[in-house]
Amino acid sequence: MILNKFDLNNKVALVTGCDTGLGQGMAVGLAQAGCDIIGVNIVDPLGTIEKITRLGRKFYNIKADLSNVNILDQIVADAIKHAGKIDILVNNAGIIRRQDSIEFSEKDWDDVMNLNIKSVFFLSQKVAKQMIKQGSGGKIINIASMLSFQGGVRVPSYTASKSAVMGLTRLLANEWAKYGINVNALAPGYMATNNTTALREDAERNAAILERIPAARWGEPADLMGPVVFLASPASDYINGYTIAVDGGWLAR
């Protein structure tokens, strides 16, 4: 039965940046499909832990700053110590800095690039080595953006990093498919999260955004649950290197 292809029972997913918002939504969606979750966050994700344990799934908490690549080996070691394996990696943690490009600082460039793409590559590399060692393949899901496709304004390092995420997704898929590892990405559109509070409270900007979205609403973290479960499951075994936009039709417009 096709629905069995979406069953993630006995799988373990490592999800970065799952304290709130989209990361929390994806972690809860994976848990609903059967996963135990290893969460890597810079703070203790108490709300996420409660939601996942309430489902009867295990949550293993790793507190770490992913912008420091020197700790990634320890993160993977701790994940294996806690859960015994990693079947799925969701690279969700990220930041954004806003400033006119003419004034944009080197620090804001480096802070964003270190977390949004450097740590994504090296954590994927370390988890892929573990997946190869396990011998049963795996799923790596990167979180891209509308700015993987578009330029945007006043977010040069974010646009660069998210464009890089989409390119890296393709490259890693090319190299790791032979190990049974699928590497794909999700590109959320305009989502109702803490990061977009100011935009949604600006009546003029909010109206302009909604006018452009065919679905005529902001996305919710729950809108990523189905797509992330799909990419994490055997239902997507023949999908490699693709970035799926979850945007209410924004790019189609």
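**Backbone entries**

I looked up A216 first in this predicted model, and I found that A216 is exposed, with a relative accessible area of 51%. Since the cut-off for exposed is over 50%, I note the value of 51% for A216 alongside the label. A216 sits in the loop between α7 (203-212) and α8 (225-232), and its phi is near 60°, a positive value in a residue other than glycine.

I then turned to N10, which is not a glycine either and has a positive phi of about 70°. N10 belongs to the segment before β1 (12-16), and with 66% relative accessibility I entered N10 as exposed.

**The chain as a whole**

I went through the secondary structure next and recorded 8 helices and 7 strands in the chain. The radius of gyration is 17 Å, close to the 18 Å that the globule rule gives for 253 residues, so I wrote the chain down as being as compact as a globular protein of that length. For the extent of the C-alpha trace I have about 50 × 40 × 35 Å along the principal axes.

How much of the chain counts as buried? I noted 47% of the 253 residues. The chain exposes about 12,100 Å², and carbon and sulfur atoms supply 51% of that area. For contacts between residues at least 6 apart in sequence, I recorded that 69% join residues at least 24 apart.

**Charges and salt bridges**

I looked up the charged side chains and found 26 positive and 24 negative ones, with the centres of the two sets 7 Å apart. Side chains of opposite charge can pair when their charged atoms come close. The structure holds 9 salt bridges, and I followed several of them individually.

My entry on K126 concerns its salt bridge with D73, in which the closest N and O atoms are 3.2 Å apart. This pair links distant parts of the chain, as K126 is in helix α4 (residues 106-134) and D73 in helix α3 (residues 72-83), with the two positions 53 residues apart in the numbering. Is the lysine of this pair, K126, buried or exposed? K126 has a relative accessible area of 18%, and because buried means under 20%, I entered K126 as buried.

Helix α4 came up again with D108, which forms a salt bridge with R97 whose closest N and O atoms are 2.9 Å apart. Here D108 lies in helix α4, while R97 lies in the loop between β4 (88-91) and α4, and the two are 11 residues apart. I recorded R97 as partly exposed, its relative accessible area being 27%.

I also looked up D111, which forms a salt bridge with K107 at 2.6 Å between the closest N and O atoms. Both D111 and K107 lie in helix α4, 4 residues apart, which is about one turn of the helix. D111 is partly exposed at a relative accessible area of 22%, whereas K107 counts as exposed at 56%. When I put these pairs together, I saw that salt bridges that share partners join R97, K107, D108 and D111 into one network.

**Loops and what they touch**

I stayed with the loop between β4 and α4, where I96 is also found. I96 is partly exposed, with a relative accessible area of 28%, and, leaving out residues up to four places away in sequence, I96 touches V112, V155 and Y158. I checked I96 against P156 as well: the two are 60 residues apart in sequence, and their C-alpha atoms are 9.4 Å apart in space.

The loop between β5 (138-143) and α5 (156-176) holds S148. At 8% relative accessibility S148 counts as buried. Which residues is S148 in contact with, once its neighbours within four places in sequence are left aside? I listed K162, S163 and M166 as the contacts of S148.

My last entry is on N174, which lies in helix α5. In contrast to the buried S148, N174 is exposed, with a relative accessible area of 66%. N174 and N240 are 66 residues apart in sequence, yet from C-alpha to C-alpha they are 7.7 Å apart in space.

How values were computed: Residues are numbered from 1 along each chain as its sequence is written. This is a predicted model: local features need pLDDT of at least 70, side-chain atom pairs count only at pLDDT 80 or more; totals for chains, interfaces and linings use all residues. Side-chain values use heavy atoms; hydrogens and water are left out. The radius of gyration is taken over C-alpha atoms; the globule rule is 2.2 Å times the number of residues to the power 0.38. Buried means under 20% relative accessible area, exposed over 50%, partly exposed in between (1.4 Å probe, protein chains only). Contact means heavy atoms within 4.5 Å. Accessible areas come from the Shrake-Rupley method with a 1.4 Å probe; for residues, only the protein chains shown count as cover. Lys and Arg count as positive and Asp and Glu as negative; His and the chain ends are not counted. The place of a charge is taken as NZ of Lys, CZ of Arg, CG of Asp or CD of Glu. A salt bridge is a side-chain nitrogen of Lys or Arg within 4 Å of a carboxyl oxygen of Asp or Glu.
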